[in-house]
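Subject: Model handover

Hello,

Here is the model I promised to send over. Please open it next to this message and go through my notes with the structure on screen.

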Amino acid sequence: MGRVDFSDVKHETRAFAGVTVPVSVVPRFKRQAYPTRFLFAIKGLLEGMRLTFGYLISPSKVVTRQYPENRATLKFPERYRASLKFKFDENGYQSCNGCGSCERACPNGSIILQTRKGAVTGKNEIERYIWRMDSCVLCNACVEACAFGALEMSHEFENAVYDRRLLVYTLNRYAGPTANVLLKEEDPEKRAAMMTKLDAYGGPVPMNGHALPTVRALGSPRAETKPGEGGAAS
Ligand code: SF4
Ligand code: SF4
């Protein structure tokens, strides 16, 4: 154990590669005498043991969570960010109009918007909202950039996959106009005609256009493969 006495730090100049630069020279640690170091070690040990026995006596003070056993009761701080998602109203309608502010705000290009001209409204509307979790840093810039309150950060954190191409999501459930536009149309049939349900909602959208390999579910038996055949991803 040692410490630096900052009153002993010397400021001087030294030549490096022909250039004179100012440097601060820190003296070597002053090591404590052996008995003092021994007492510090014992003190640290006792402090650690006090904490451990304190948790034994008062389990309610334990901060470590027993995940995944506590999955059902797991609580997160309100501002915890685990994934990006669309907000949907009680009808399942979205507020995104495809304006592109979030896409421009994203520092990583993790948002890719595909828009279309609505066949009924003739206005710009979202076709597919692609979010690349594989490059997202959950900075929240997209949520803050959205003036229509269409996005939010979710606490859904169990997103581990075996193939990073599976970390590409479609966030919208349907291609079509926003809730405001849909609710102005009172005829449910006409309203439904303005929307196109997305088969791949929430699912992977392979960026390379190829089909993803089948991913074997955890715990399921390994498929028999003949020599020369490719097996399912494990
Ligand atoms: S999520 Fe918001 S900012 Fe992004 S395109 Fe939709 S309306 Fe615009
Ligand atoms: S959270 Fe940040 S990195 Fe992720 S999509 Fe939004 S803006 Fe991009």
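Two strands count as paired if DSSP finds at least two bridges between them. Keep that in mind for the hairpin below. Also note that this is a predicted model.

**Overview**

The chain has five helices and eleven strands. Of its 234 residues, 12% are buried. Consider the contacts with a separation of 6 or more: residues 24 or more positions apart account for 64% of them.

**The hairpin and its sheet**

Start with strand β6, residues 111-117. β6 pairs with β7 in the antiparallel sense, over seven bridges. Within that pairing, L113 stands opposite Y129 in β7. Six residues lie between the two strands of this hairpin. One of the hairpin's residues, G122, takes a positive phi near 75°.

β7 also pairs with β9. Three bridges join these two strands, which run antiparallel. Two partners in β9 can be named. W131 has Y169 as its bridge partner, and I130 has T170.

Put together, three strands make an open sheet in the order β6-β7-β9, with antiparallel pairing. β6 and β9 are the edge strands, each pairing on one side only. From one strand to the next, the twist averages 20°.

**β5 and β8**

A second pairing involves β5 and strand β8 (residues 151-154). They run antiparallel and are joined by four bridges. S83 has S154 in β8 as its bridge partner.

Which residues of β5 are buried, and which are not? L84 and F86 point to one face and are buried. S83 and K85 point to the other face and are not buried. In a regular strand the side chains alternate between the two faces of the sheet. β5 shows that alternation.

**The nonpolar core**

The largest nonpolar core has 17 residues. L84, F86, Y129, W131, C142, L151 and L171 touch the most other members. Three strands each supply at least two residues of this core: β5 (83-86), β7 (124-132) and β9 (168-170). The largest share, three residues, comes from β7.

Several of these names have come up already. L84 and F86 are the buried side chains of β5. Y129 is the residue opposite L113. W131 is the one bridged to Y169.

C142 deserves a look of its own. Leaving out residues up to four places away in sequence, C142 touches L84, C102, A105, C106, I111 and L151. Two of those contacts, L84 and L151, are also on the list of core residues that touch the most other members.

**The two ligands**

Ligand 1 has 13 residues around it. C96, C99, S101, C102 and C146 come nearest. By type, the shell holds nine nonpolar residues, four polar and no charged.

Ligand 2 is surrounded by 14 residues. C106, C136, C139, A141 and C142 are the closest. This shell divides into eleven nonpolar, three polar and no charged.

C142 thus links two topics: it is among the closest residues to ligand 2, and C142 is also named in the core. Two of its contacts appear by the ligands as well. C102 is among the nearest residues to ligand 1, and C106 is among the closest to ligand 2.

**Backbone points to check**

The loop between β7 and α3 (141-145) holds L138. Its phi is near 55°, a positive value in a residue other than glycine. Is L138 buried or exposed? L138 counts as partly exposed, because it has 15 C-beta neighbours inside 10 Å. For comparison, a buried residue needs 20 or more, and an exposed one has 12 or fewer.

N140 is found in the loop between β7 and α3. Phi of N140 is near 80°, again positive in a residue other than glycine. N140 is partly exposed, with 15 other C-beta atoms within 10 Å.

One peptide bond needs a note too. The bond from Y67 to P68 is cis, with omega near 10°. P68 sits in the loop between α1 (34-57) and β5.

Best wishes

Key. Residues numbered from 1 in each chain as written. Chains lettered and ligands numbered in written order. Predicted model: local features only at pLDDT ≥ 70, side-chain atom pairs only at ≥ 80, totals over all residues. Near = placed C-beta within 6 Å. Nonpolar A, V, L, I, M, F, W, Y, C, P; charged D, E, K, R; others polar. Contact = placed C-beta atoms within 7 Å. Core = buried A, V, L, I, M, F, W, Y, C linked by C-beta atoms within 7 Å. Axes fitted to C-alpha atoms, helices over the stretch in contact; angles between N-to-C directions.
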